[in-house]
Amino acid sequence: MAATTDIKQLRIATRNCGFIDPESLDDYIAVRGYEALAKALTMTPAEVVAILKVAGLQAWYNESHVLHGVDFTVAQGEVVTLLGRNGAGKTTTLRSIMGIVGKRQGAVSFCGTDMIAMRSNDIARLGIAYCPE
């Protein structure tokens, strides 16, 4: 555990960083660790551009393979919309990112942290949420 002065310095650094909420710093450290925080604070703007990366994402409901190789990137400050007809996989894509499907494969990363093996409660602590209508 870092000393209190180190935590204060980290909170100041996260305010300057712009993509880590200083108020959720404790959760960030609990999920990712101090090394990941130090790396995030030293990232260049080019490295920070891709906040969310999804590559080759696949998902299953029981034995049914329902999501086949979804790829997209969300940059910092960007708004992305998933559009499609009923049953196209919009909800399944979001559930797969959050880790609330039975089985998933591929790569999902948020600010450089691989989330494919993480539990949904740990993913939520990173700052990603799924709010159905």
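This briefing walks through the fold, the sheet, helix α5, the core and the cysteines of the structure above. The model is a predicted one. Its protein chain holds six helices and four strands, arranged along the sequence as α-α-α-α-β-β-α-β-β-α. The four strands make one open sheet, and helix α5 lies across three of them, β1, β2 and β3.

**The chain as a whole**

- The protein chain has 133 residues, and 35% of them are buried.
- Of the contacts between residues at least 6 apart in sequence, 51% link residues at least 24 apart.
- The chain has an accessible surface of about 8,300 Å², and carbon and sulfur atoms account for 52% of that surface.

**The sheet, strand by strand**

- Strands pair through backbone hydrogen bonds, in a parallel or an antiparallel way.
- Here the pairing is antiparallel, and the strand order across the sheet is β2-β1-β3-β4.
- Why is one side of β2 and of β4 left without a neighbour in the sheet? Both strands stand at the edges and each has a single partner strand, so one side of each stays unpaired.
- β1 and β2 run antiparallel and are joined by eight bridges; within this pairing, Ala-59 sits opposite Leu-67 of β2.
- β1 (residues 50-61) also pairs with β3 (residues 103-110), antiparallel and over seven bridges.
- Two of the residue pairs that link β1 and β3 are worth finding in the viewer: Gln-58 faces Gln-105 in β3, and Leu-52 faces Phe-110 in β3.
- β3 then pairs with β4 (residues 113-114), antiparallel and over two bridges, and Phe-110 has Thr-113 in β4 as its bridge partner.

**Turns with a positive phi**

- The hairpin of β1 and β2 has two residues between its strands, and Asn-62 in that turn has a positive phi of about 55°.
- The hairpin of β3 and β4 also leaves two residues between the strands, and there Cys-111 adopts a positive phi near 50°.
- A further positive phi, near 80°, belongs to Gly-99, which follows α5.

**Helix α5 against the sheet**

- α5 runs at about 110° to β1 as it crosses β1, β2 and β3.
- Which residues of α5 are buried? They are Thr-92, Thr-93, Ser-96, Ile-97 and Met-98.
- These buried residues pack against β1, β2 (64-75) and β3, and also against α6 (120-126).
- Thr-92, which belongs to α5 (residues 90-98), has a relative accessible area of 10%, so Thr-92 is buried.
- Leaving aside residues up to four places away in sequence, Thr-92 touches Ala-59, Tyr-61, Val-66, Leu-67 and Val-101. Ala-59 and Leu-67 turn up here again, having already appeared as residues that stand opposite one another.
- Arg-95 is also in α5, but with a relative accessible area of 32% Arg-95 is partly exposed.
- With the same sequence neighbours left aside, the contacts of Arg-95 are Tyr-61, Ile-100, Val-101 and Tyr-130.
- Arg-95 and Tyr-130 lie 35 residues apart along the chain, yet their C-alpha atoms are separated by 7.3 Å.

**The nonpolar core**

- Nonpolar side chains tend to be buried together in soluble globular proteins.
- The largest nonpolar core has 21 residues, and the members that touch the most others are Leu-52, Val-54, Leu-57, Ile-97, Val-108 and Met-115.
- Elements contributing two or more residues to this core are β1, β2, α5, β3 and α6, and β1 gives the most, with five.
- Which residues does Leu-52 touch, not counting residues up to four places away in sequence? They are Phe-72, Thr-73, Val-74, Ile-97, Val-108, Ser-109, Met-115 and Ile-128.
- Ile-97, one of those contacts of Leu-52, is among the buried residues of α5.

**Cysteines**

- How many disulfides does a search of the whole structure find? The search finds zero.
- Is Cys-111 buried or exposed? Cys-111 is buried, with a relative accessible area of 9%.
- Cys-131, by contrast, counts as exposed, at 68% relative accessibility.

Definitions and conventions:
Residues numbered from 1 in each chain as written. Predicted model: local features only at pLDDT ≥ 70, side-chain atom pairs only at ≥ 80, totals over all residues. Heavy atoms only, no water. Buried < 20%, exposed > 50% of the residue type's maximum accessible area, 1.4 Å probe, protein only. Contact = heavy atoms within 4.5 Å. Areas by Shrake-Rupley, 256 points an atom, 1.4 Å probe, with all protein chains shown as cover. Disulfide = S-S within 2.5 Å. Pairing = 2+ DSSP bridges. Axes fitted to C-alpha atoms, helices over the stretch in contact; angles between N-to-C directions. Core = buried A, V, L, I, M, F, W, Y, C linked by side-chain atoms within 4.5 Å.
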